[in-house]
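Work through the exercises below with the sequence and the coordinates open beside you. Each task is followed by a solution that proceeds step by step.

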Amino acid sequence: MLFLKLVTLVLLYKCNKVLADDDTPAETQSTVNWYCPEGWTAFNDGHNITCLWFSNTSLYQVKAQTICKNFGSSLVKLHTEDKIKAFKENFSKLENDIYIGLRKERGYDASYMWDGINGLEIANISILPTSVKDSIHYKLSCVYINTQGEWDIDDCETEYNFVCEKSVECKPGSFGDKCFNQCHCLGEPCNPKSSEIRCKYGCQTGWMGNACDLEKQDPDVKYYCVNSQEKGKYVNIRIYTKGVHYRSIYGLNVNKTRSPWCYGSSISEDIDSSLPVTITIPVKEELQEVLESGSCAGEHLSNDTYLWTVVIKENEGILLEHDLQVTIKCDFSKSESLIRNSAYSVIGQPTELHKQFLEPQSTEDDVSMQVVDSYSGQVISEAAVGSSVTLTIKFGLKEGSLIKGITPYDCYATSPDNKFKKQLIDSQGCPMSGSPISAFSERDDNSIQTQWFPLFAFEGEQNVVFQCSFDLCFLKGCQVGCRAFRFHKRSAEDYPETLHEHFTKSTIAVLANKIPISMPESESADNNSLSKSSQTPKSSNILAYFNPVTCSIFLVLLVLIIVTYMSFMYALRKSVGNIRREIDYVISRDKLLCYGKIPKDKNCDCNCPYNC
């Protein structure tokens, strides 16, 4: 017994030394939140730490596994190369042969399985020692390690000592995998052995969650000041709550008292605290007088400069340490037109606000449409009718952009003077009937793109203008493409995470010498997208429509028919020849038998007609 205790102390020293020498950060090395129960040995394979228990009795494998499971463990599972190496280094000399959790199923070609506490798992045979993977056993067999540290295989009914393995125990106040999680409970630490980790008396200041393991932080507030040709001026405020449910979010008026949001404003619901709260406030001409009267939240400072003070509180009527008041200022006089040279601009770089007054700096986040050569991938400004092109819309081109995607809709092809206009994609992002282009699809380089289509022109026009409306999306997973199966009408309520009704356009010159000279007068402008010659095939060669597979099958069938016909004709010829030879033989025989005979009866009905 004294010898076993000495061995245990030596092993603990070795394992702790290995743990101290690994790449574990210094802060986790200085504070060990785990331990192994009395009688168990810590085992570190360089990646994980577990506890091992070596038996002092021998049992057959099934009984040994039962004993281990009674301890909340299983026979040791050496399923990685690092773990095999570490076990051999730490336990190179054993007092007894020991069972491990590996066994071979019945059959010569059966696989090896690890029998652990969570059930069977197929073993990686490539890392197993040669003495095991090359052995030939038909019946169920189990693997053991002998006193020299070598692996071998035997009948599972043979009795050996065994070694059990289980996870380390967490000290009070720690829980989870490797005991890395800390519960910051008030009054007393959490019980790591409980099936549900909870703090009985609540959390210490600055922590939240059932186990008080989530650090509570101030919310992040980001915003855009937008000047849109279609929507006008508005500010979009986004509050990232970081898991906290803020039940009271409101604005202050010019008198610094609580007031409702101005007419036309919208605020999303904070349901599960995982999505940001979004507030959109339109800035209209009559807003100045309304704000000066103090009837709604916000202040008019001068000309096109406005200010909003937003209060974010976790509970109504009381203050907590992470309640926040932020001030947002937008100067719309600095704003450019939303559509500028086939792009839009967003004024107001998203800026984090931490209980202080901040002004956003002006920036641009370009969204631009491009006509791209489908073969070379190059942006083009002119091309011939029928050229293979695609429409590409790029977004979020500036550093620090919050835009995660766009959802295009209502795409048109027009002449520069809008004399001709053809709708290509409808309000749900779906191709119109007869449209030459497909719906947009997402790419990996902050862009969306249609499939290729032949470039078309309008009668008497040198240029075609492509234009698409789009929504901005600030979350990943934006829905691109046809959305007809979900919505029948677009509205702000349908898309709470988007800014609406922007558009981008691109103009391409169609080469003059390639434009169709005239088109039938009976066709409307909506149908003048392709030349008459492009609507009919250029070649009538019927061979162009043969499929190679069909051709191959046809030729094989033709060969079979010919071979069958030739075989039939050969057999028929042979049969006819045989019949003829048989007839000739019969005639020759009769001639030979009857030759020279005279019938007795003159009126004979002789059998020798040649002599009658």
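The exercises that follow concern a predicted model, and they go from the whole chain to disulfides and then to strand pairing.

**Exercise 1. The chain as a whole**

Task: Describe the secondary structure, the burial, the contacts and the exposed surface of the protein.

Solution. Begin with the secondary structure, in which the protein has seven helices and 35 strands. Turn next to burial: of the 612 residues in the protein, 41% are buried. For the contacts, take those with a separation of 6 or more, and find that 64% of them are between residues 24 or more positions apart. Finally, consider the surface, where the protein exposes about 35400 Å², with 52% of that area supplied by carbon and sulfur atoms.

**Exercise 2. A disulfide between C36 and C51**

Task: State how many disulfides the structure holds, and then determine the handedness of the one formed by C36 and C51 and whether its cysteines are buried or exposed.

Solution. The structure holds 11 disulfides. A disulfide is a covalent bond between the sulfur atoms of two cysteines. In the pair formed by C36 and C51, the sulfur atoms are 2.1 Å apart. The torsion about the S-S bond of C36 and C51 is about -90 degrees, and therefore this disulfide is left-handed. As for its place in the chain, the pair links distant parts, with C36 in the loop between strand 1 (34–35) and strand 2 (41–44) and C51 in strand 3 (residues 49–54), 15 residues apart. The burial step needs the cut-off of under 20% relative accessible area. C36 counts as buried because its relative accessibility is 17%, and C51 counts as buried because its value is 0%.

**Exercise 3. Two further disulfides**

Task: Determine the handedness of the disulfide of C183 and C190 and of the disulfide of C411 and C468, and add the burial of each cysteine.

Solution. Take C183 and C190 to begin with, whose sulfur atoms lie 1.8 Å apart in a disulfide. Here the torsion about the S-S bond is about -80 degrees, so the disulfide is left-handed. C183, at 8% relative accessibility, counts as buried, and C190 is buried with a relative accessible area of 2%.

Go on to C411 and C468, which form a disulfide with their sulfur atoms 1.9 Å apart. The torsion about this S-S bond is about 120 degrees, so the disulfide of C411 and C468 is right-handed. This pair links distant parts of the chain, since C411 is in strand 29 (residues 405–414) and C468 is in strand 34 (residues 463–473), 57 residues apart. C411 counts as buried at 1% relative accessibility, and C468 counts as buried at 1% relative accessibility.

**Exercise 4. Pairing around strand 17**

Task: Work out how strand 17 pairs with strand 16 and with strand 21, and give a residue pair for each.

Solution. Strand 16 (residues 220–228) runs antiparallel to strand 17 (residues 232–240), and nine bridges join the two. With three residues between them, strand 16 and strand 17 form a hairpin. Within this pairing, C225 stands opposite V235 in strand 17. Next, strand 17 pairs with strand 21 (residues 277–283) in the antiparallel sense, over seven bridges. In that second pairing, R238 has T278 of strand 21 as its bridge partner. For the side chains, recall that in a regular strand they alternate between the two faces of the sheet.

Conventions. Residues numbered from 1 in each chain as written. Predicted model: local features only at pLDDT ≥ 70, side-chain atom pairs only at ≥ 80, totals over all residues. Heavy atoms only, no water. Helix = DSSP H or I, 4+ residues; strand = E, 2+ residues; numbered from the N terminus. Buried < 20%, exposed > 50% of the residue type's maximum accessible area, 1.4 Å probe, protein only. Contact = heavy atoms within 4.5 Å. Areas by Shrake-Rupley, 256 points an atom, 1.4 Å probe, with all protein chains shown as cover. Disulfide = S-S within 2.5 Å. Pairing = 2+ DSSP bridges.
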